[in-house]
Structures are given as structure tokens and as C-alpha cells.
Amino acid sequence: MNRLKHILAFFICIFACSYIVHGQATITASCKYTKVPLNNSFQVTYTIKGGTATSFTRPAFKNFNVTGQYQSTGGGMTMYVNGQLIQSGEEESSYTYQLVPTAVGKFVIEAAKAKVNGSTIESNTIAIEITNSGTSATAGATSKSSGSSTATTTTTETTGSGDIFLKAYVDKTNVYQGEQLIVTYKIYTKVAVSQYGIDKLPAFTGFWSQDISKDKDKPVQYNETIGGAKYVVAEIRKIALFPQKSGVLKIDPLSVECIVQVASKQKYNDPFAGLFGNDPFGNFGSSFFNTYTNVKKTISSNAVTLNVKPLPVANKPAEFKGNVGKFTFSAELDKTETKTNEAVNLTFKITGTGNISLVDKPEIEFPADLETYDPDIKENISRTAAGISGSKTFSYLIIPRSAGNFTIKPVSFCYFDLSKGSYVTLTSPEFKLKVAKGAGDANITVTSANKEDIKFLNSDIRFIKNSPFVLSQTGTFFYTSPMFYFLLFAP
């Protein structure tokens, strides 16, 4: 009986552990190459599965220049069948960085961090060797087929050809480095399309990009006449781009695979009924009156060329870190009087329009007797058809270790104002902190919301414990005890 109880507990442990592991969020760093020639570009991708990241902190990328950045969500192939969105593969999000090495040698790309489901997770590191010579390390393009067992013909078309084509539009072609612009991809059709699939978006090399499509499940549609021909138009994707370098940059074409229904006897015409229409009979009404042949076509958008102007060198502040747009800057110290070993919160908040995700933490000069930690970073990003806006908050936990009066010097945030065409520097106030001697140096009183940040604060040095403690009898074990079974079944 005792052995049966142990076996049962063993299998329950395995089941419980597998359940917990299955629901755990993970972040994985990947790179196609282990050896790259100097001055050749390559990509590093961080993939998050098991939850949505509320914040993401990239590595410093020492010895590398970041020439392009891209964030995507969803996972798998995006496909529309009869107007319904099908998302294959596990839901995930990824952060991709285009890197160019600046030195020769063997390097380790440090781990990235993300906060998912309230917990901070870290990726693996990547070892890579940079050599003086060799062939380009740029990866070859791969493609997947959205496919259909009913397709009988495969053709390729480009912008402006035939009864269906894809076109890319940008809201501006002359921009500053770091300025936000929006690219919109539209499908024009005069024939019925039963499904189409976007395998993946272009790499957007040289840009930081984010998908701002309003409703992927139901693309915006309308009618448009081109050259006397009437088309049904659908906006299938809208992307916000931020050029990371100056010069002439090119947005590569987007390719889409479509299953087009070609009628051999045209008696009933309902363009795009299979893709966007609300026909209660689906495609039955069309197929009843006509004989159709399914043709698989790959259509590609036009490439777009942009002129990216460098930011002015004149009057450029030393603290400028590449932020472009329109921002406000605020700072707050949650209290000005405290005691030693009591926690204090210093918060900086940056709000505005532009690439909030690229805003770096402020540089702060803290007095030596104030113990500080890496900031807790929270993003509140709004992605609309007008672009990206929102706020980014940096919360610093401060633990004063000695009594006295301390001064936290003003902190500056600088950005390039597009409306003014000049640099703007915003400065926080100077903070005074009065610290009185606490009751005991061994104890830490946390009065802030960031208790999580200091739970291991005194794990390196333990003070003498004067309070009573509990001893356990020799020979007793936690395994198979009543508390063991309680904790086992509690989750």
C-alpha cells in the first residue's frame, strides 16, 4: 500500500510539472550564422512564446551597429479564406535586429530580457565570430506556399497587371532619420478571390518597423476606378517605419499568394465575394451559375524608394540619443523624507508621438550612499492608422544606506522636433531627499509597489537572527508528509 502511494505521488508530480512547464513563457535568441565577415549584415531574432510581453529590453549589441529593427506578432502564416482570418502556428511575438559588426574577433551577444505575465524572462546568449574576409552572410530568401488542393495553374504578376494586383503606398517619401512614415499595402481586384496568404512581410532593412493594421480580421475595403476600370480595393496591411540611417533607402516588395476563381461562363459577377463579401450563400451563388477554375497567382507590390535626410549636426546636444517626434518629459519622487533602508521610488515618464519603444533609459547620477537598481520599464503604446504614440515609464528603486541630506541632480531628455526642425531638451527638476536614521540597519521597509525588485536584496549577507526559530526532528522528511500532498494538489 505504501509503495502504491509513492508511485501515485510520482505520477502526480510528473503531471503537475508538465502542466506548469507547458504554460510557461519562453524567449529564444536565434541567429542563422556563427561566422560573419566584417561589415556584412546579419539578423538576430528574439522569439517570445507563451504570452505577450509588456516590456522588452534588448542587449547593448557591443561591437555591432544596429541598422534595422522589426517587431512582429502572430506566428505562422497569415491567411484569409472566404473572408475569415486563419492564423497557423502557435501565437508568438518576435523582435528582429539587423546588425553590422564593427570589429574582428569572437563575441557573445548578451541575453535579452522581457516581462511576460508579470515575470521577467531572459533569452540565451549567442556566440559569433567576426572575420576579416569571406563571402556575404546575408541569408537567402525562403518562401512558403499558402497552397490549395484545388489550384490548377500558377502564375506570377506584378503591380498594375491583369484583373488583380498589389500596390504599396507611403504617406511621405522625404523624411528625416528616425521620422515616422506609414506604408500601406492594397490589393486591387476585378475577380473573385477565395483566399490569399501573406507568408511574411519584407525585412525592412534599415528601418525599425511595427504593424499598425487596424483590423486584420476584416481589412478596410472600398471601390476605386483606375483607367476607367472599377476595382474592389482592400487594405491588407499597414506598417509604421522609422529609418535608422540616412541616404536612399528601399522598401522591398511584399509578395502575396492568391487563389483566384476564374469563371469560364460569366453569368454572375460578385467581385471579392469570397474574400470580403457577406453573401449568405458564400460562393454557392456564384458556382451555381458559373463554372470556375481555381488559379493560384503570386502577386508582388512595387518597391518604394525613400530619401532619408540626416539629422542636423549644428546645435546637436551631447545627450541626444536619436529620438525624433514630439514628446513630453516628467519626473516624480514619491517622497522627500524617509529613513535608512526604506525604499523610495523615482519615476520618469516620456509621452508623445514617435517610436516610443526605442526611447532609452535616462542617465542619472545618484549619490554614492543611495543604493539603486535597474529601472522597471513599462510601455503603453497606441498603434493606430495615424501611427505610433504612447508613453514609456522608468521606475527606479532607491534604498538609502546612511542618514543625511541628498540631492538628485536634474536629468535631461533630448529629441528632434519635426514641427520646429530643431532639437529640444527637456529637463527634470532637482530632487532633495532627507534621510533619517532607521530603527535597525538589518531590516528593510518597503513602502513602494516594487517589492519584487528587492526580494533578494540581503541574500548576500545575513544578519544574526535573534527571533525564535523552529527545529525539525531528525529522521522526518517533507516528502509524503501531509503538507507535501497539500502543496502538490493546491495548484
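A residue counts as partly exposed when its relative accessible area falls between the buried range, under 20%, and the exposed range, over 50%. In this predicted model, N63 fits that description: its relative accessible area is 32%, so N63 is partly exposed. The residue sits in the loop that joins β4 and β5, and its backbone is worth a look, since N63 is not a glycine and yet has a positive phi near 70°.

The loop holds another residue of this kind. F61 also lies between β4 (53-57) and β5 (64-73), and F61, again not a glycine, has a positive phi of about 55°. For context, most residues other than glycine have a negative phi. Is F61 buried or exposed? With a relative accessibility of 5%, F61 is buried, whereas N63 is partly exposed at 32%.

Another loop, the one between β18 (207-211) and β19 (220-226), contains P219. This proline has a relative accessible area of 9%, under the 20% cut-off, and is therefore buried. Its C-alpha atom lies 5.6 Å from that of I236, although P219 and I236 are 17 residues apart along the chain.

Attention now turns to the nonpolar interior. The largest nonpolar core comprises 57 residues, and the members with the most contacts inside it are F42, Y46, F56, F64, I109 and L346. A second core, separate from this one, has 29 residues, among them I187, L241, L249 and V304.

Charged side chains add a further set of contacts. Side chains of opposite charge can pair when their charged atoms come close. How many salt bridges does the structure hold? The count is twelve, and a few of them can be described here in detail.

One of these joins R237 and D211, with an N to O distance of 3.3 Å. R237 belongs to strand β20 (residues 229-243) and D211 to strand β18, so this pair ties together parts of the chain that are 26 residues apart in sequence. Both partners, R237 and D211, are buried.

Another salt bridge connects K326 with D417, whose side chains meet at 2.9 Å, N to O. This pair links distant parts of the chain, with K326 in strand β25 (residues 324-333) and D417 in strand β32 (residues 412-417), 91 residues apart. The two partners do not share one environment: K326 is partly exposed, with a relative accessible area of 44%, while D417 is buried at 1%.

A further pair is formed by K238 and E235, the closest N and O atoms being 4.0 Å apart. The lysine of this pair, K238, has a relative accessible area of 17%, and because that value is under 20%, K238 counts as buried.

The cysteines complete the description. How many disulfides does the structure hold? The number is zero. A disulfide would be a covalent bond between the sulfur atoms of two cysteines. Two cysteines can be placed by their accessibility: C31 is partly exposed, with a relative accessible area of 24%, whereas C414 is buried, with a relative accessibility of 3%.

Conventions
Residues are numbered from 1 along each chain as its sequence is written. This is a predicted model: local features need pLDDT of at least 70, side-chain atom pairs count only at pLDDT 80 or more; totals for chains, interfaces and linings use all residues. Side-chain values use heavy atoms; hydrogens and water are left out. A disulfide is a pair of cysteine sulfur atoms within 2.5 Å. Buried means under 20% relative accessible area, exposed over 50%, partly exposed in between (1.4 Å probe, protein chains only). Helices (H or I, at least four residues) and strands (E, at least two) are DSSP runs, numbered from the N terminus. A nonpolar core is a set of buried Ala, Val, Leu, Ile, Met, Phe, Trp, Tyr and Cys residues joined through side-chain atoms within 4.5 Å.
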